[in-house]
Amino acid sequence: MKLKFFSFLSFALLAIIMAGPTPVKAQGKPRVLVFTKTLGYHHASIGPAIKAVIKLGQENNFIVDTTTDVTKFEESNLKRYSALIFISISGIVGSEGYGLNGYGTGRYGTGGYLFNAAQRADLQRYIEAGGGFVGIHEAVDAMYDWHWYGRLIGAYFAFHPAAQQATYDVVDKNFIATKHLPDKWVRVDEPYYPKLMNKDIHVLISLEEPTVLNNRYSPTTFQKIGDLHPISWYHDFDGGRAFYTALGHTDESYSDPLYLGHILGGIKYAIGKNAPLNYAKAKIPRAPAEDRFIKTQLISGYLDEPTEMTILPNLDVLIVERKGPIVLYNHLTKKAKQVGFLNAYFHTKYNKGVNAEEGVLGLQADPDFKTNHYIYIYYSPADTSVNQLSRFTFVNGKVDNKSEKVILQVHTMREICCHTGGSIAFGKDRTLFLSVGDNTTPFDEPNLPKGAPNTYSYSPLDDRPGHEQYDDRRGSGNTNDLRGKILRIKMNLDGTYGIPEGNLFPVGTEKTRPEIYVMGNRNPYRITVDKKNGYLYWGEVGPDANNDSLATHGPKGYDEINQARQAGNFGYPYFVGPNLPYREYDYATGKAGNAFDPLHPVNNSRNNTGLVDLPPAQPAFIWYPYGIARDFWQLGSGGRSAMAGPVYHGDMYVKPGLPAYYNGKLFIYDWIRNWIKAVGMTPEGDYEGMEPFMENTKFSAPIDMELGPDGKLYILEYGNGWFTKNADAGLSRIDFNPGNRPPEISSITSNKMLGELPLTVSLTVNATDPENDKMTYTWNLGNGIKKMTTKPKLTYTFAKKGNYLVSVAIKDSKGAVGKSKTISIAAGSTEEAADPSVPYAAGKALMLSLDCKSCHKTDEKSIGPAFTDVSKKYTKNDATVTTLSKKIMTGGTGVWGDVMMPAHPGLKADEAKQILDWVFSLSGK
């Protein structure tokens with residue numbers, strides 16, 4: 001009864017305190033939604049917590065709904081609630097831990113796909129509209145990749161000791177959730193150490209400094225918790241109200257009157273005045289449904305190793321191919337043809353088996369192309385050991401080779417692998433950015449004695465004479481070399497260039513090149529410049545090591561997406577990812593030295609021609625290894641080749657090509673993993689979160705992504721296979737349909753696919769209309785006859801022998817049409833040809849779902865061996881299957897060449913065996 005009395009007074013007092021000069025009318029009895037979904041650790045105390053909150057609602061006049069169903073986080077449902085209560089929710093188990101002191105000291109954490117993009121947007125809009133939020137205990141251990149949520153709840157989980165008795169300081173007793181508590185609250189609980197995401201929180205309870213120091217996940221690690229170790233807080237945030245308490249691990253908490261009064265006060269604060277939500281104040285739009293986006297294929301089956309494109313003002317598209325051709329897609333005729341050719345070096349002449357990556361690499365139209373017809377190409381002339389940036393004119397449908405004006409040359413080593421960069425982008429005021437690869441071999445050095453010191457796919461630092469191609473300090477870490485850099489120059493109309501203000505090294509600085517804007521790159525393959533704020537973004541293809549070697553070499557390999565708001569050193573070959581340091585390494589003795597210092601990197605290589613003391617290293621914006629990254633788990637696992645696409649701003653186009661939801665978002669993509677993501681950022685450019693873009697649409701090794709003058713996304717696809725003409729290479733445009741959508745067809749079936757004449761079949765189609773409109777069905781029977789029905793069924797008799805290709809077109813009441821796939825019906829036939837691959841179809845399908853197809857083809861050599869050659873090389877037995885299965889899962893190199901086979905840590909042993917069964921079947925084994 002005392003608790004009930006206190007609760008009533010507190011609720012009344014809160015209403016008085018929060019009442020303003022223009023009171024808002026409450027909307028009846030408050031209703032709260034308790035959410036308890038867990039994808040990671042599940043607290044046993046969740047059950048008692050639910051019962052306790054329901055009882056608090058009964059005693060304090062608010063309604064409590066409970067759910068683990070994420071589909072409840074939809075705007076029409078969220079509008080019903082005055083507050084949302086997240087009790088010990090958790091995400092999915094990841095594989096990367098970054099603790100308070102950096103790499104390796106944190107918990108192997110959980111990150112979490114609790115909500116999809118639409119649900120996240122609706123949750124954010126709910127808070128912006130004035131909603132309330134309560135987080136209890138493990139609610140800080142989820143959605144690490146969504147920093148808006150981190151700022152809403154105030155912090156993310158870092159680590160905690162075991163549950164134990166501790167003393168908690170109640171630092172603010174004027175708040176409804178703490179006014180009843182003692183100054184020193186002694187209790188048994190599991191105190192979280194938070195990594196604060198929002199410094200604007202108002203702390204209510206803090207843990208005393210001497211109380212707990214050890215890290216449960218590293219018992220021998222003791223970390224000072226600071227003068228202020230916040231345990232509970234509240235704040236007004238983004239239009240709404242948020243309260244959090246780290247307490248509540250134990251079942252006993254939910255029968256403790258002091259603790260129950262604590263969370264009751266937080267709930268009442270979150271409910272506030274119980275005013276209706278005002279969605280006019282919501283700042284972000286709702287997320288568009290994926291079926292509103294259409295991948296429109298512009299070119300297919302024509303391109304041979306396309307590398308970069310530029311969309312011209314009239315919407316024609318110029319494309320360069322690595323081996324030399326320049327292709328034009330005419331948007332009116334919808335045809336592609338070759339309009340130029342450059343004689344480029346694109347394969348080794350003497351070192352057979354070494355994959356040279358040079359060729360025609362980059363392309364961009366001049367900002368004033370309409371009047372001057374200039375285009376810029378970065379390529380590898382066949383007769384000179386340089387990569388060069390040249391300007392050409394494109395007039396009368398042809399690239400004029402005689403018009404070439406060489407702007408800048410980068411001296412390189414040839415007959416080696418790897419890393420070219422080569423992307424071109426324009427910023428403001430005719431500033432041209434050019435990415436240049438490090439021109440360094442990252443693989444193990446050949447012809448060394450077994451067990452001799454080597455790079456082992458970590459950072460290549462061998463500065464011994466004769467080993468120059470294995471020393472990246474001669475390039476990426478060299479302030480006097482253009483390799484491993486992103487350059488920024490200001491183009492003059494006469495084809496010369498100047499150095500804009502703000503590059504990394506002022507003109508005249510000894511042992512530096514003034515063209516350098518960003519240094520410390522490995523392979524910045526695709527770059528983009530935000531047209532509004534001038535920020536530079538790029539994808540960095542990182543080292544290949546599968547595992548950490550922290551005592552000898554350094555961290556495993558990471559790909560990066562980077563952002564430069566100003567000139568800087570981004571660390572490689574000394575650092576990778578979030579400034580994880582490599583170590584000095586003596587290749588003569590194999591002795592490891594000190595880890596490099598990101599605040600003071602030093603280039604002491606004998607191949608260095610630049611400064612010894614380098615600028616401080618900048619951490620990556622986004623990073624991910626072969627395995628799952630905790631902070632960016634959405635990026636998946638497997639092979640990796642990070643690329644950066646454009647930042648979208650709809651107000652820059654007369655008719656925006658994408659919905660306003662994507663305003664200010666950066667598009668990134670991966671050449672190997674075939675995904676595209678949209679990265680949200682704060683107005684300052686800080687990372688906010690990411691989400692899939694068209695995740696159910698197939699892309700084939702996207703290698704360039706640009707926004708056209710029409711505001712639409714154009715995607716250039718290299719195709720799945722290295723150094724070859726791929727049938728799935730092409731050019732596509734992403735079209736957005738803001739209006740009525742056509743019916744969606746999941747399947748078309750027939751009860752009979754063959755049979756004697758006359759053959760009567762019953763055809764069925766499964767389809768839905770997104771707007772629930774009525775639909776009509778027009779069946780094409782493949783014999784010149786069409787039938788219309790108002791139901792998704794048709795019975796028809798074929799009287800003549802033949803193979804009939806049957807399909808159906810479905811029209812909704814607003815006129816939008818969807819078309820089905822085609823099925824084949826063999827009328828007059830009693831036999832169907834057997835498919836010999838059926839027993840191994842599961843293995844082949846699994847292979848195609850992974851990144852294997854990017855490096856291997858069935859019958860042709862790509863960057864990796866043909867599957868048929870693998871099948872012929874090995875004898876199928878248990879030992880071979882075990883060995884090859886392990887190699888598929890963990891990666892490796894050395895049998896077929898020097899290119900690292902990426903790991904597939906998410907693959908199970910039986911799945912690897914399925915793939916091998918299919919591979920061995922290619923040679924009849």
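This is a friendly conversation about a predicted model, in which a student asks for reasons and a tutor gives them.

Student: What makes the model trustworthy or doubtful, going by pLDDT?

Tutor: The protein averages a pLDDT of 90, and 91% of the residues score at least 70. Over residues 1-24, though, the pLDDT is below 50, and this stretch has 28 contacts in the model beyond near neighbours in sequence. Residues 833-837 also have a pLDDT below 50, with 0 contacts of that kind. pLDDT is the predictor's confidence in each residue, from 0 to 100, so values below 50 call for caution when reading these two stretches.

Student: Let's go inside, then. Why is serine 253 called buried?

Tutor: Its relative accessible area is 1%. Buried means under 20%, so serine 253 is buried. You will find serine 253 in the loop between strand E17 (240-245) and helix H6 (257-271).

Student: How do you know that the side chain of serine 253 makes a polar contact with the side chain of arginine 187?

Tutor: The two side chains come to 2.8 Å in this contact. The cut-off for a pair of N or O atoms is 3.5 Å, so 2.8 Å falls within it. Arg187 is also one of the residues that serine 253 touches, and the others are Asp189, Gly248, Tyr259 and Leu260, leaving out residues up to four places away in sequence.

Student: What about arginine 322: why is arginine 322 counted as buried or exposed?

Tutor: Arginine 322 has a relative accessible area of 7%. With the limit for buried set at under 20%, arginine 322 is therefore buried. Arginine 322 lies in the loop between strand E20 (317-321) and strand E21 (325-330).

Student: Which backbone oxygen lies 3.4 Å from a polar atom of the side chain of arginine 322?

Tutor: That is the backbone oxygen of alanine 356. The limit for a polar contact is 3.5 Å, so a distance of 3.4 Å is within it. Arginine 322 touches Ala356 and several other residues, including Asp304, Glu305, Glu357 and Phe723.

Student: Glu357 brings me to the empty spaces. How many cavities of 30 Å³ or more does a search of the whole structure find?

Tutor: The search finds 4. The largest cavity has a volume of about 610 Å³. Its lining is made of 34 residues, and Glu357, Val541, Ser641, Trp671 and Trp722 lie nearest its centre.

Student: What makes such a space a cavity and not a pocket?

Tutor: In a cavity a 1.4 Å probe fits but cannot get out, whereas a pocket is an open set. Rolling a probe the size of a water molecule over the atoms shows where empty space is left.

Student: How do the residues lining the largest cavity divide?

Tutor: They divide into 19 nonpolar, 8 polar and 7 charged. Trp counts as nonpolar and Glu as charged, so Trp671 and Trp722 belong to the nonpolar group and Glu357 to the charged one.

Student: Why is isoleucine 745 called partly exposed?

Tutor: Isoleucine 745 has a relative accessible area of 26%. Buried would need under 20% and exposed over 50%, so 26% lands in between. Isoleucine 745 is found in strand E48 (residues 744-750). Its C-alpha atom is 6.0 Å from that of asparagine 766, although the two are 21 residues apart along the chain. Asn766 is among the residues that isoleucine 745 touches, as are Val765 and Ala767.

Student: Two residues have a positive phi without being glycine. Where are they, and are they buried or exposed?

Tutor: Serine 457, with phi near 70°, is in the loop between strand E28 (431-436) and strand E29 (485-491). At 5% relative accessibility serine 457 is under the 20% limit, so it counts as buried. Asparagine 772 has a phi of about 60° and sits in the loop between E50 and strand E51 (775-780). At 69% asparagine 772 is over the 50% limit, so it counts as exposed.

Student: Which peptide bonds are cis at proline 573 and proline 758?

Tutor: One runs from tyrosine 572 to proline 573, with omega near 10°. The other joins leucine 757 and proline 758, with omega about -15°. Proline 573 lies in the loop between strand E35 (568-569) and strand E36 (575-576), and proline 758 in the loop between strand E49 (754-755) and strand E50 (759-768).

How values were computed. Residues are numbered from 1 along each chain as its sequence is written. This is a predicted model: local features need pLDDT of at least 70, side-chain atom pairs count only at pLDDT 80 or more; totals for chains, interfaces and linings use all residues. Side-chain values use heavy atoms; hydrogens and water are left out. On a 1 Å grid over the protein atoms alone, a cavity is a set of points where a 1.4 Å probe fits but cannot get out, and a pocket is an open set with protein on both sides within 12 Å along at least five of seven lines; lining residues have an atom within 4 Å of a point. Grid points are joined across faces, edges and corners, and a volume is the space filled by probe spheres set on the points. Helices (H or I, at least four residues) and strands (E, at least two) are DSSP runs, numbered from the N terminus. Buried means under 20% relative accessible area, exposed over 50%, partly exposed in between (1.4 Å probe, protein chains only). A polar contact is a pair of N or O atoms within 3.5 Å; within protein, one must be able to donate a hydrogen and the other to accept it, and residues adjacent in sequence count only if both atoms are side-chain atoms. Contact means heavy atoms within 4.5 Å.
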